[in-house]
Amino acid sequence: MRIGELASITGASLRSLRYYEQQKLISPVRSDNGYREYSPFAVEQVETIRFYISLGFTTEQIAGFLHCVMQNKEAFCRDVLPVYETKIAELDQQIQLLSRIKSNLEERVRAMLDEREQDADYDVIQPPPEAGRAPSGG
DNA sequence: CTTCTAACA
DNA sequence: TGTTAGTA
């Protein structure tokens, strides 16, 4: 099949499909007219590629274990273990960074809310002196 | 009409 | 990634 059909079946864009090839994730043959010709197996291949991309893996990482994953269908491919662990470690770092950012923003919000209480009667009618509470020293 | 490559909003 | 130009 040609790239258009593969795109409509898998939902991947033409751009992405060509990009996958550039990243050596797929290797379609070329027809005489220069068109990419994909085997029907490319459908599953593209689906698994998109799956791993959705998990946040780079095309380079996917290229590393894609063959192993494709061949060991319904089984576990050991090649993915180290990559998974690396990814989890990266996620931990990102979570820590995001937590820091969140804490900083929460602190700022608290500060702004406190300041709002102090400035509360800026455009509020001032209470008359008699009813006021300011001990004018008498 | 479909695809190709390359480059840019 | 999307999109688009100019072809084949």
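**Note on the DNA contacts and surface of a predicted model**

1. Start with the shortest way into the strand B contacts. A side-chain N or O atom of arginine 36 sits 2.2 Å from a phosphate oxygen of DNA strand B. Keep in mind that this is a predicted model.

2. Arginine 18 also reaches the backbone of this strand. An N or O atom of its side chain is 3.0 Å from a phosphate oxygen of DNA strand B. Glycine 4 uses its main chain instead: a polar backbone atom of glycine 4 is 2.7 Å from a phosphate oxygen of DNA strand B.

3. The full set of residues around DNA strand B is Arg2, Ile3, Gly4, Arg15, Arg18, Arg30, Gly34, Tyr35 and Arg36. By class, this surface has 5 charged, 2 polar and 2 nonpolar residues. Two helices, H1 (3-10) and H2 (14-22), each contribute at least two residues to the surface near DNA strand B.

4. Which parts of DNA strand B make up its atoms within 4 Å of the protein? Sugar or phosphate accounts for 84% of them, and bases for the rest.

5. DNA strand C has its own surroundings: Ser13, Arg15, Ser16, Tyr19 and Tyr35. They divide into 2 nonpolar, 2 polar and 1 charged residues. Of the strand C atoms within 4 Å of the protein, 35% belong to sugar or phosphate, and the rest belong to bases.

6. Two polar contacts illustrate both kinds of strand C atom. The side chain of serine 13 places an N or O atom 2.7 Å from a phosphate oxygen of DNA strand C. Arginine 15 goes to a base: a polar atom of its side chain lies 2.8 Å from a base oxygen of DNA strand C. Arg15 is also listed around DNA strand B, as is Tyr35.

7. Threonine 10 belongs to helix H1. Is threonine 10 buried or exposed? Its relative accessible area is 11%, under the 20% cut-off, so threonine 10 counts as buried. A polar atom of the threonine 10 side chain lies 3.2 Å from the backbone nitrogen of alanine 12.

8. Away from the DNA topic, consider the nonpolar surface. Leu97, Leu98, Ile101 and Leu105 make a nonpolar patch of about 380 Å². Leucine 98 lies in helix H5, residues 80-118. Leucine 98 counts as exposed because its relative accessibility is 53%, and the cut-off for exposed is over 50%.

How values were computed. Residues numbered from 1 in each chain as written. Chains lettered and ligands numbered in written order. Predicted model: local features only at pLDDT ≥ 70, side-chain atom pairs only at ≥ 80, totals over all residues. Heavy atoms only, no water. Near = heavy atom within 4 Å. Polar contact = N/O pair within 3.5 Å; in protein donor to acceptor, adjacent residues only side chain to side chain. Nonpolar A, V, L, I, M, F, W, Y, C, P; charged D, E, K, R; others polar. Helix = DSSP H or I, 4+ residues; strand = E, 2+ residues; numbered from the N terminus. Patch = residues over 30% accessible without salt bridge, like charges linked within 9 Å, V, L, I, M, F, W, Y side chains within 5 Å. Areas by Shrake-Rupley, 256 points an atom, 1.4 Å probe, with all protein chains shown as cover. Salt bridge = Lys/Arg side-chain N within 4 Å of Asp/Glu carboxyl O. Buried < 20%, exposed > 50% of the residue type's maximum accessible area, 1.4 Å probe, protein only.
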